[in-house]
Amino acid sequence: MVFKEKDFFGMRDLTSEEIRYILSTAETMKYILNQKNKKSPHLQGKSVIILFYEPSARAKLSYELAAQHLSANVVDMTMATNVYQEKLQDMGQLVDQTGADFIILRHPMAGAARLLAQSVSASVVNAGDGFNENPGQSLLDLMTIKEQKGGFKGLKVAIIGDLIHSRVCKSNIWALTKLGADVCVSGPPTLLPPDIEKFGVDVYYDARKAVTNADVILTSRMKTETRNKNLVPSLTEYKHFFRVDENLLHYAKPDAIVLHPGPIQRGIEISADVIDSKQCIINDQIANSVAVRMAILYILSQIGGGLR
C-alpha cells in the first residue's frame, strides 16, 4: 500500500507511484461498473457526506454514484441552508460528530480541505478548493489519456486557455510532469499564473507553437471571473488566438486528442466541429469520472480513512 494519509488533498502531494496506483485501482473499478451488478461492498456501513459550497452537478453526481456503488450511505448536505451560514470548521465538526466517515468537500477557498481535515476525524476528499486544485477531475483526465495513449512518458501535452482560474489545470500540471510527460501551456499573459515556469512547463503565448506535434490538448473553461474582470480584450479575440479549432489542430499530431473539464461552452474554448469530431474525447472523460472517485474512496478506506 503506497498511501499513508487519511485525507486526499491534491496531486501536488502525490508521488508518481501513488498516482499510478490510483489509476490502476480506477481501472478495476471501471471493470466493476461494466458488470450488470455494479455494487461492491467495500464501504458497506460507511457514511459519505457531500458538502459542496460551490455548485457542480457533474462532480456531485459522480461522487454520489461512486459512494453508492461502493455500498456507502450518502447524505447530500449541499441544500441545507445552515451550510452557508456556519463556519467551515463548525460545520465539519457537526458532520463529524454525527459519525460521518468521509466528507467530500468543494469550497471557494484555497486550502479549505486541509483546514477542515485538521478538525475532523472523517476522511476529507478535496473536490475542488478555490483556484488551487481539483484532483478528482485531474485523475479522470489522466485515466482517459492513459486509455488512449497507453502511458505518459514522452507525451507532449499542451494546456490551453485560462489557467489562472483553472484548478484542474494546476492539478494536471503537477501530475503529468511527475508521470514523465512534456507539458507546455499557452494563453493570454493575463490568464497565466505568475512564474508558471516554476511548475516545470514551457510557456508559449502563441497557441500554434504550444500544440505543434502535441499528443494531447487540454483546454480550460472560460470562467465568469475572466469576462467580468476584463482580463481579455474580448471573447472574439480570445477565440481567434486560443480556441481549439481545425486550424489549430493542424499543428498537432494527426492522432492528437482533445480534452475539456466541462461543462463546455461550445464555440468558445473549442469549436463545434472539433467537439463533434473523434479527436474530442469528452464523453470518455465523463465515463471515467465515477470509476476514479470510487478508487479514491476505496483507497482511503483501506488505509484507515473512514474507520472509527
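The following exchange asks how several descriptions of this predicted model are justified.

Me: How do you know that E1 and E2 pair, and in what sense do they run?
Reply: Two strands count as paired when at least two bridges are found between them, and four bridges join strand E1 (residues 47-52) to E2, so the criterion is met. The two strands run parallel, and within this pairing Ile-50 stands opposite Asp-76 in E2.

Me: How do you know that E3 pairs with both E1 and E4?
Reply: The cut-off is again at least two bridges; E1 and E3 pair in the parallel sense over five bridges, and five bridges join E3 to E4, which also run parallel. Ile-50 stands opposite Ile-104 in E3, while Ile-104 in turn stands opposite Val-125 in E4. The chain crosses from E3 through helix H4 (residues 112-117) to E4, and this β-α-β crossover is right-handed.

Me: What makes E2 and E4 the edge strands of the sheet?
Reply: Four strands form an open sheet in the order E2-E1-E3-E4, with parallel pairing, and strand E2 (73-76) and strand E4 (123-129) each pair on one side only. Neighbouring strands of this sheet are turned by 15° against each other on average, with direction ignored.

Me: What makes H2 a helix that packs on the sheet, and how does H2 run relative to E1?
Reply: Contact requires heavy atoms within 4.5 Å, and helix H2 (residues 57-69) touches E1, E2, strand E3 (102-107) and E4, its direction making about 175° with that of E1. Helix H3 (residues 88-97), for its part, lies across E1 and E3 and runs at about 160° to E3.

Me: How do you know that the span of H2 is close to the expected one?
Reply: The expected span is 1.5 Å times one less than the number of residues; H2 has 13 residues, for which 18 Å is expected, and H2 reaches 18 Å from its first C-alpha to its last. Just after H2, Ser-71 takes a positive phi of about 70°.

Me: Why is E3 called mostly covered?
Reply: A residue is buried when its relative accessible area is under 20%, and six of the six residues of E3 are buried, so the description follows from that cut-off. In a regular strand the side chains alternate between the two faces of the sheet. Both faces of E3 are covered, with Phe-102, Ile-104 and Arg-106 buried on one side and Ile-103, Leu-105 and His-107 buried on the other.

Me: How do you know that both faces of E8 are covered, and which strands pair with E8?
Reply: In strand E8 (residues 216-219), Val-216 and Leu-218 on one side and Ile-217 and Thr-219 on the other are all buried. Strand E5 (residues 156-160) and E8 pair in the parallel sense over four bridges, with Ala-158 opposite Ile-217 in E8. Three bridges join E8 to strand E9 (residues 257-259), which run parallel, and Leu-218 stands opposite Leu-259 in E9.

Me: What makes a set of residues a nonpolar core, and which residues have the most contacts inside the largest one?
Reply: Such a core consists of buried nonpolar residues joined through side-chain atoms within 4.5 Å; the largest has 61 residues, and those with the most contacts inside it are Leu-139 and Leu-142. Helix H12 (residues 282-302) gives the largest share of this core, 10 residues. Among the residues that Leu-139 touches are Phe-8, Met-11, Val-292 and Ile-296. A second, separate core of 25 residues includes Ala-214, Ile-217, Phe-242 and Cys-280.

Terms used:
Residues are numbered from 1 along each chain as its sequence is written. This is a predicted model: local features need pLDDT of at least 70, side-chain atom pairs count only at pLDDT 80 or more; totals for chains, interfaces and linings use all residues. Side-chain values use heavy atoms; hydrogens and water are left out. Axes are lines fitted to C-alpha atoms, for helices over the stretch in contact, and angles run from 0 to 180 degrees between N-to-C directions. Buried means under 20% relative accessible area, exposed over 50%, partly exposed in between (1.4 Å probe, protein chains only). A crossover is right-handed if, with the strands pointing away from the viewer, the path from the first strand over the helix to the second runs clockwise. Lists of a residue's contacts leave out its neighbours within four places in sequence.
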